[in-house]
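Thanks for sharing this one; here is a colleague's note to read beside the model. The points run from terms to overall layout and then to single residues.

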Amino acid sequence: MDLHLVMCLTKPRITYNEDVLSKDTGECAICLEELQQGDTIARLPCLCIYHKGCIDEWFEVNRSCPEHPSD
C-alpha cells in the first residue's frame with residue numbers, strides 16, 4: 001500500500017465547531033456555493049468555514065482541511 005495513503009488514513013481527523021452562520025460570508029470551498037445566513041457551518045481550528053454537510057463528506061475520504069492539505 002502506498003505510504004502516503006497509509007499516512008492519510010491513519011492521521012487523526014480534524015475536529016470542528018458546529019455553528020449557524022449569522023451573516024453571509026463568501027463561499028464553501030468544497031461545493032463552491034455561497035455561505036448564507038442561517039446555514040449550518042463547521043469552523044475548523046484553522047478558522048476555515050464550510051457547510052457542515054460538505055466537510056462531513058470531505059472527512060469521509062480526507063483527514064485535513066481542503067484549503068490546508070499539509071496540516
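1. **A term to settle before the details.** A residue counts as buried under 20% relative accessible area and as exposed over 50%, with partly exposed in between. D56 has a relative accessibility of 27%, so it belongs in the partly exposed class. Please keep in mind throughout that this is a predicted model.

2. **Overall layout.** The chain is built from two helices and three strands. Their order along the sequence reads α-β-β-β-α. Of the chain's 71 residues, 21% count as buried.

3. **Pairing of β1 and β2.** How do β1 and β2 pair, parallel or antiparallel? They run in the antiparallel sense, and four bridges link them. The spans are 17-20 for β1 and 40-43 for β2. If you would like a specific pair to look at, take V20, whose bridge partner in β2 is T40.

4. **Pairing of β2 and β3.** Strand β3 covers residues 49-51 and is antiparallel to β2, with three bridges joining the two. Here I41 has H51 of β3 as its bridge partner. β2 and β3 together make a hairpin, and five residues lie between them.

5. **The turn of the hairpin.** L47 sits in the loop between β2 and β3. Its phi is positive, at about 75 degrees, even though L47 is not a glycine. Is L47 buried or exposed? Its relative accessible area is 62%, so L47 is exposed.

6. **Another positive phi.** L32 also deserves a look, since its phi is near 65 degrees, a positive value in a residue other than glycine. This leucine is placed in the loop between β1 and β2. With 52% relative accessible area, L32 lies over the 50% cut-off and is therefore exposed.

7. **A charged patch.** Which residues gather in a patch of negative charge on the surface? They are D24, E27, E33 and E34. Of these, E33 is found in the loop between β1 and β2, the loop that also holds L32.

8. **The salt bridge.** How many salt bridges does the structure hold? There is one, and it joins the side chains of K52 and D56 at 2.5 Å, N to O. Side chains of opposite charge can pair when their charged atoms come close. K52 and D56 are four residues apart in helix α2, so about one helical turn separates them. K52 has a relative accessible area of 21% and is therefore partly exposed, and D56 is partly exposed as well, at 27%. Note that the K52 value is not under the 20% limit, which is why K52 is not counted as buried.

9. **E57 in helix α2.** Beside D56 in the sequence comes E57, which is found in helix α2, residues 52-61. E57 has 58% relative accessible area and so counts as exposed. Across the chain, the C-alpha atoms of E57 and I30 are separated by 9.7 Å, and the two residues are 27 apart in sequence.

10. **I49 in strand β3.** I49 is placed in strand β3. Is I49 buried or exposed? Its relative accessibility is 18%, which is under the 20% limit, so I49 counts as buried. I49 and D19 are 30 residues apart in sequence, with 9.9 Å from C-alpha to C-alpha.

11. **E67 after the last helix.** E67 lies in the segment after α2. Its relative accessible area of 45% falls between the two cut-offs, so E67 is partly exposed. How far apart in space are E67 and A29? Their C-alpha atoms are 7.7 Å apart, with the two positions 38 residues apart in sequence numbering.

Technical notes:
Residues numbered from 1 in each chain as written. Predicted model: local features only at pLDDT ≥ 70, side-chain atom pairs only at ≥ 80, totals over all residues. Heavy atoms only, no water. Patch = residues over 30% accessible without salt bridge, like charges linked within 9 Å, V, L, I, M, F, W, Y side chains within 5 Å. Areas by Shrake-Rupley, 256 points an atom, 1.4 Å probe, with all protein chains shown as cover. Salt bridge = Lys/Arg side-chain N within 4 Å of Asp/Glu carboxyl O. Lys, Arg positive; Asp, Glu negative; His and termini not counted. Charge placed at Lys NZ, Arg CZ, Asp CG, Glu CD. Pairing = 2+ DSSP bridges. Buried < 20%, exposed > 50% of the residue type's maximum accessible area, 1.4 Å probe, protein only.
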